[in-house]
Amino acid sequence: MIKLIKSLYFSERFFYALFGFAALFLLSYWAKPIYPYIWLMVIAFVVIVFAEIVALFKTNGLSGDRVLAEKFSNSDENEVIINLASKYSFNTEIEVIDEIPIQFQKRDFLKKISISAKEETSFTYLLRPVERGVYTFGSLNCYVKFGLKLTKRRFKFNKDQSVKVYPSFIQMKKYDFLAMDRRVTMTGLKKVRRIGHTMEFEQIKEYVFLDSNKQRIQTK
């Protein structure tokens, strides 16, 4: 029961409806004929809220996971992957609030997605650290709602998940690729033969007797 209470939340629509009922009851002070109809609306509202709660809590209907790289690269965009899988037999809407490490000073992360019954989905977002160290994520909070969306159930995953931030190895890899491309380009250059700087012969002809006679005649 305590677990249910901790994970049960009411949406803005729920409180708007309560405000509307209060206004109608106030109006019924002057328009008495509408008073019984207001109570019928209240009863229907309570039934709908109760049905939503039962549907959301009758099964452990959502699983989620935050996937991080083994290490983050400082001063670069690093990818965070969120995987979600619905076990509900009806379509739901999920509000995802990830507790990003305190170093980013970001408290407004919110992602709304719709997921069909028995469906899996994922999305990514980017984080850019500016200093080295250990970054610790809080909980991955997922608020599930459906129907009139008067209530929602919270699921929590991957609490206190950490990742280490190292110097910008992404940029270092880019420089390595550039150096590699330069070496490949240099090996592809045409080598020019400089005469007199090698002991190798380009070609060797067989000895012919007439060639030696011609050479003696030219020297005379």
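Which residue in β6 is the bridge partner of E95? In this predicted model, the partner of E95 is K112. The pair belongs to the contact between β5 and strand β6 (residues 111–115), which is antiparallel and extends over five bridges. On the other side of the account stands the pairing of β5 with strand β9 (residues 140–145), also antiparallel, with six bridges. Within that pairing, V96 has C142 of β9 as its bridge partner.

Strand β5 spans residues 92–98, and six of its seven residues are buried; the strand is therefore largely enclosed by the rest of the structure. A residue is counted as buried when its relative accessible area is under 20%.

These pairings are part of an open sheet of five strands, ordered β1-β10-β9-β5-β6, in which the pairing is antiparallel. The edge positions are taken by β1 (8–10) and β6; each has a single partner strand, so one side of each lacks a neighbour in the sheet. From one strand to the next, the twist averages 30°. Elsewhere in this sheet, β9 and β10 run antiparallel and are joined by five bridges. Here V144 stands opposite R153 in β10.

A further open sheet is made of three strands in the order β2-β4-β7, again with antiparallel pairing. Strands β2 and β7 form its edges, and because each has a single partner strand, one side of each is left without a neighbour in the sheet. The average twist from one strand to the next is 15° in this case. Strand β2 (residues 62–67) is joined to strand β4 (residues 78–86) by six bridges, and the two run antiparallel. Two of the residue pairs can be named: L62 has S86 of β4 as its bridge partner, and D65 has N83 of β4. Strand β4 also pairs with strand β7 (residues 120–127), in the antiparallel sense and over eight bridges. In that pairing the bridge partner of E79 is L126 of β7.

The largest nonpolar core comprises 40 residues. Those with the most contacts inside the core are F72, V80, I94, Y125, L127, F137 and C142. Helix α3 (residues 35–57) makes the greatest contribution to this core, giving eight residues. In soluble globular proteins, nonpolar side chains tend to be buried together. C142, listed among the core residues with the most contacts, is also the bridge partner of V96 described above.

The largest pocket was computed to have a volume of about 310 Å³. Its lining consists of K3, L4, K6, S7, F57, N60, L62, R153, R154, F155, K156 and F157. Two elements, α1 (2–7) and β10 (151–157), give two or more residues to this lining. The largest share, five residues, comes from β10. Sorted by class, the lining has five nonpolar, two polar and five charged residues. Some of the lining residues also appear in the strand pairings: L62, which lines the pocket, is the bridge partner of S86 in β4, and R153, likewise in the lining, lies opposite V144.

Helix α1 also holds I5. With a relative accessible area of 53%, I5 is exposed, since the cut-off for this class is over 50%. I5 and R153 are 148 residues apart along the chain, and their C-alpha atoms are separated by 9.6 Å.

Backbone geometry was also examined. Most residues other than glycine have a negative phi. K149, although not a glycine, has a positive phi of about 60°. This residue, K149, lies in the loop between β9 and β10. K149 is partly exposed, as its relative accessible area is 22%. A positive phi near 60° is also found at D160, another residue other than glycine. D160 is placed in the loop between β10 and β11 (161–166).

Terms used:
Residues are numbered from 1 along each chain as its sequence is written. This is a predicted model: local features need pLDDT of at least 70, side-chain atom pairs count only at pLDDT 80 or more; totals for chains, interfaces and linings use all residues. Side-chain values use heavy atoms; hydrogens and water are left out. On a 1 Å grid over the protein atoms alone, a cavity is a set of points where a 1.4 Å probe fits but cannot get out, and a pocket is an open set with protein on both sides within 12 Å along at least five of seven lines; lining residues have an atom within 4 Å of a point. Grid points are joined across faces, edges and corners, and a volume is the space filled by probe spheres set on the points. Helices (H or I, at least four residues) and strands (E, at least two) are DSSP runs, numbered from the N terminus. Ala, Val, Leu, Ile, Met, Phe, Trp, Tyr, Cys and Pro count as nonpolar, Asp, Glu, Lys and Arg as charged, and the others, Gly among them, as polar. Buried means under 20% relative accessible area, exposed over 50%, partly exposed in between (1.4 Å probe, protein chains only). Two strands pair if DSSP finds at least two bridges between them. A nonpolar core is a set of buried Ala, Val, Leu, Ile, Met, Phe, Trp, Tyr and Cys residues joined through side-chain atoms within 4.5 Å. Axes are lines fitted to C-alpha atoms, for helices over the stretch in contact, and angles run from 0 to 180 degrees between N-to-C directions.
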